[in-house]
Each structure stands twice: as structure tokens, then as C-alpha cells.
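Me: I have a model open and would like to learn how to read it. Could you walk me through it, feature by feature?

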2 protein chains.
Amino acid sequence: MLTPAGERVLSAATELFYREGLNAVGVAAVAEAAGVTKKTLYACFGSKTELTIAYLRRRHDVWWAYLEERLAAAGTPRALVVFDAYVDHPGLGSDRGCAFLNAAAELPAGHPGLDVIRRHKEAVRAKFAELLREDAPGASDPERLAEQLFLLLEGAVAHTGIDGDAHRVTLAREIAEVLMRDPREVGTR
Amino acid sequence: MLTPAGERVLSAATELFYREGLNAVGVAAVAEAAGVTKKTLYACFGSKTELTIAYLRRRHDVWWAYLEERLAAAGTPRALVVFDAYVDHPGLGSDRGCAFLNAAAELPAGHPGLDVIRRHKEAVRAKFAELLREDAPGASDPERLAEQLFLLLEGAVAHTGIDGDAHRVTLAREIAEVLMRDPREVGTR
DNA sequence: CCATGAGTATACCGAGCGGTATACCTAGGG
DNA sequence: CCCTAGGTATACCGCTCGGTATACTCATGG
């Protein structure tokens with residue numbers, strides 16, 4: 001478990017790494033923002049690489065818990081809630097886009113943080129598939145629809161940082177809503 | 001116009017910036033890869049910021065020329081060619097994903113390179129809309145379909161760097177192919 | 001009682017960063 | 001003939017990077 005000081009370091013890192021980027025923020029800046037010396041930071045995390053991993057894990061855990069909470073309270077189709085959770089999640093911020101995509105763009109090949117990122121993204125895609133299967137058991141190809149919703153979401157969040165706002169996520173959600181209606185219904189009504 | 005040495009610098013930067021990331025590559029490394037002194041690099045580009053802008057512009061110009069070439073030789077629906085061009089373009093490499101999304105994730109707010117990136121992405125989205133309008137003049141909402149294809153493509157290329165290959169772009173292309181069939185046809189046949 | 005663990009403050013290390021300065025070389029054109 | 005443009009090579013600047021070292025404080029609990 002993390003000491004109180006370690007918790008403050010991770011909290012400061014989560015804020016700074018997201019807002020400024022991994023390579024743009026030094027350990028000294030993180031330590032200062034946490035009100036802690038570099039020695040304490042290294043006693044808790046050992047290296048910047050470890051701190052980066054902890055940052056990504058924390059970011060996933062917090063967001064995932066929020067997603068599950070929203071899903072438990074939502075009506076069908078729950079897949080749309082995933083879009084909302086990306087925009088609405090409290091505390092983490094979203095104006096700089098997806099923390100995981102941003103990190104993946106910065107990390108060098110072979111960095112262990114990339115595994116955390118891959119697991120996070122795969123979890124999101126798998127969640128789409130799970131929700132679609134459960135909410136519409138008779139659907140023809142839930143895996144394909146899951147990939148479709150996933151790509152829409154990823155395209156939208158990838159542009160959130162560029163646009164400066166999340167309007168494309170809302171747009172992607174609207175498109176997803178249409179796609180989730182069985183296409184056969186459109187023509188036969 | 002660029003001197004021969006300047007051209008070599010830009011060529012080396014295009015390779016290194018894409019493969020390693022903007023912040024991970026110093027001007028000294030670019031100069032050495034180009035077989036040129038730092039003095040020459042600064043005589044040609046003035047600053048790393050300017051070199052970064054030139055890199056992004058070059059990347060856009062080369063890819064765009066290739067896209068137009070492919071479009072001129074393609075049959076309808078030409079929108080699918082945009083997906084192909086992202087995967088097939090020669091020389092630039094695509095295993096690290098989209099150079100523009102990667103750069104956007106690294107650049108600090110206010111960096112002039114962000115404008116180049118926004119223009120590039122808007123050009124792609126607008127090209128989708130243009131192609132859809134021309135290839136299927138009677139379509140109900142080409143703008144919406146353009147946004148849809150754009151988001152699919154962007155989601156796919158955003159993951160190309162994470163996955164290490166471009167299979168999601170192919171997947172996005174297949175999905176796009178289905179979406180471009182008028183949904184009313186599906187139910188009424 | 002005092003040892004341990006968590007923390008502080010400060011200074012340091014070698015390396016690399018973006019960018020500049022000095023001095024020299026060389027081919028082409030007025 | 002010699003000046004200029006576009007190079008070369010090398011050294012330097014102040015700064016920041018990730019990471020370490022030394023020495024001190026202080027609360028807790030066996």
C-alpha cells in the first residue's frame with residue numbers, strides 16, 4: 001500500500017502527466033507539486049518508469065470504477081454509457097483527450113506502460129462486446145458491432161485533445177445510437 | 001526553397017521524429033543522421049519548433065499527394081481509398097500509427113504545429129465528405145456519413161501504434177464498406 | 001529507551017537539451 | 001580576383017533531466 005506521501009505523489013503525477021505529457025514533466029516537478037522531496041518520491045516508486053506505470057494503472061482503476069457505477073444505474077442499451085463515462089468522469093479531466101492514447105504516443109517501444117495501455121483498451125472493447133451480448137441476446141454479430149463502437153469512441157477521444165473539447169464523443173455517441181438499431185428495422189417500418 | 005543539406009535534415013527529421021517521437025529526438029541527433037552540423041540545421045530552420053512544423057507539413061504533403069494519386073486511379077466508392085492510403089503509403093512508415101495524432105499528444109498547448117495537425121485532419125474529413133457527395137449524389141446525409149467514416153479511420157490509426165500493425169484500419173475499412181450501403185436497401189431487398 | 005521507518009532539506013552527479021560562437025574551407029559568379 | 005553563400009568542425013552556454021548521497025527530524029511501538 002502507498003504511504004500518505006506516496007499517495008500525494010501519485011495524485012500530483014496523475015494531474016501533471018495528463019495535462020503536460022509524460023516527457024514534459026520531470027520528477028522534480030511532480031515532487032514539488034506533491035509537496036514532497038525527490039528522495040521520498042524515489043523511496044515510494046523507485047523510478048520514473050514505475051511512477052508512470054502507477055499513473056496509468058490509477059487512471060484506469062478510477063475510470064473503470066466510475067464506468068461500472070454508471071453501468072449499474074443505467075437502462076439499456078448500456079453500451080452508450082461507455083461514451084458518457086469518457087466525457088463525464090469526475091476529477092480526471094478530459095480536455096486533453098485520452099490519457100492512454102497520449103501516453104502510447106510518447107512511450108518508447110518496449111516500455112512496460114504499453115502493456116497497461118493495451119490491457120485498458122482491450123478491456124473497453126471487451127466491455128462493449130459484453131454489454132451488447134447481454135442487452136440484445138439475439139443480435140447477429142455483437143463482436144463486430146463492439147469493434148465498430150470501439151473505433152468510433154477511439155476516433156472521437158483521439159480528437160478530443162486536438163479539438164480542445166469533447167464534441168466528437170457526443171457525435172460518436174449519436175452515431176452509435178443509430179448503429180445499434182438493427183438495420184433491418186430501418187427499411188421495414 | 002531548401003538547400004540540399006536542408007533537404008537531408010528534413011528527411012532525417014521525418015524519419016526520426018516519427019519513429020522516436022518529437023520530444024525524444026534532439027536536434028543533435030537529427031543533424032548527425034543527416035550528416036550535417038547543428039549550425040547548418042539552424043541556418044535552414046531557425047529552431048526546433050520550425051523544424052517540427054516543416055516535418056508535419058512535409059508528412060502531410062507527401063501523404064496527400066499519394067492519396068490524390070490513388071484517388072485518380074480508383075473506381076467508386078472512392079472513400080475507401082482513404083483507408084488504403086493510410087496503410088499503403090510508401091516511405092513514410094505506419095507501424096508507429098498516425099504521425100499527426102502522435103505529435104498532437106506530445107506538443108504543448110499553443111505550439112504552432114497544432115494548427116498544421118488540425119488542418120490536416122480537417123482536410124481528411126472534408127475529403128471524405130467531398131468523395132461521398134460526388135460518388136453518391138442522392139445520399140441522404142453525406143456529412144454525417146463522412147464524420148462516421150472519419151471517426152472509424154481515426155480510431156483505427158490511433159491504435160495502429162499500440163497494436164504494432166494496421167489490422168484495425170483494414171477492419172475499419174470493412175465496416176465502412178457496409179455503412180456506405182444505403183441502410184434502406186438492406187431491409188427492402 | 002531507543003531503534004526503526006517515513007519524512008525533511010540540500011547538494012551533487014553525468015548526461016543531454018536547445019541554441020550560439022569562433023574559425024576555417026570551398027565552389028561559382030560579378 | 002575576390003567576395004559571398006553554404007558548408008565544415010568544435011567548443012561552449014545555461015539549464016534541466018533522472019537518479020543518488022549525506023545528514024537531520026520526529027513519531028510510534030516493542
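**Reading the model from the core outwards**

Reply: Happy to. Please keep in mind that this is a predicted model. Let us begin with the largest nonpolar core, which has 108 residues. The residues with the most contacts inside this core are Val9(A), Leu152(A), Leu153(A), Ala172(A), Leu152(B), Leu153(B) and Ala172(B).

Me: What general idea should I have in mind when I look at a core?

Reply: In soluble globular proteins, nonpolar side chains tend to be buried together. For a case here, take Ala172(A). Setting aside neighbours within four places in sequence, Ala172(A) is in contact with Phe83(A), Leu152(A), Leu153(A), Gly155(A), Ala156(A) and Leu151(B).

Me: How many helices and strands does chain A have?

Reply: Chain A has 10 helices and 0 strands. The C-alpha trace of chain A spans about 70 × 35 × 30 Å along its principal axes. Of the 189 residues in chain A, 40% are buried. As for contacts in chain A with a separation of 6 or more, 58% are between residues 24 or more positions apart.

Me: How do I read a single helix, say α4 of chain B?

Reply: Compare its span with the expected one, then look at what it packs against. Helix α4(B) covers residues 48–73, 26 residues in total, and reaches 38 Å from its first C-alpha to its last, close to the 38 Å expected at 1.5 Å a residue. Its buried residues are Leu51(B), Thr52(B), Ala54(B), Tyr55(B), Leu56(B), Arg59(B) and Trp63(B). These buried residues pack against α1, α3, α5, α6 and α7 of chain B.

Me: Which elements of chain B touch chain A?

Reply: Let me start with the general idea. The size of an interface is often given as the accessible area lost when the parts come together. Here we can count residues: 34 residues of chain B are in contact with 34 residues of chain A. On the chain B side, α6, α7, α8, α9 and α10 each give two or more residues. The largest share comes from α8(B), with 13 residues. By class, this side of chain B divides into 18 nonpolar, 9 polar and 7 charged residues.

Me: How are the two copies related?

Reply: Try laying one on the other. Chain B fits on chain A with an RMSD of 0.0 Å after a turn of 180 degrees and a shift of 0.0 Å along the axis. The two copies are thus related as by a two-fold rotation axis. Moreover, 100% of the interface residues of chain B are also interface residues in chain A, so the copies meet through the same surface.

Me: Which residues are closest to DNA strand D?

Reply: Among the 20 residues that surround DNA strand D, the closest are Gly26(A), Lys48(A), Thr3(B), Ala5(B) and Thr40(B). Two or more residues each come from α2 and α3 of chain A and from α1 and α3 of chain B. The most, 4 residues, come from α3(B). The surface near this strand has 8 nonpolar, 7 polar and 5 charged residues.

Me: And which residues come nearest to DNA strand C?

Reply: Of the 21 residues around DNA strand C, the nearest are Thr3(A), Ala5(A), Thr40(A), Gly26(B) and Lys48(B). At least two residues each are supplied by α1 and α3 of chain A and by α2 and α3 of chain B. The largest share, 5 residues, comes from α3(A). By class, the surface near DNA strand C has 9 nonpolar, 7 polar and 5 charged residues.

Conventions
Residues numbered from 1 in each chain as written. Chains lettered and ligands numbered in written order. Predicted model: local features only at pLDDT ≥ 70, side-chain atom pairs only at ≥ 80, totals over all residues. Near = placed C-beta within 6 Å. Nonpolar A, V, L, I, M, F, W, Y, C, P; charged D, E, K, R; others polar. Expected span 1.5 Å × (residues − 1). Buried ≥ 20, exposed ≤ 12 C-beta atoms within 10 Å, placed from the backbone. Contact = placed C-beta atoms within 7 Å. Core = buried A, V, L, I, M, F, W, Y, C linked by C-beta atoms within 7 Å. Least-squares fit on C-alpha atoms with pLDDT ≥ 70 in both.
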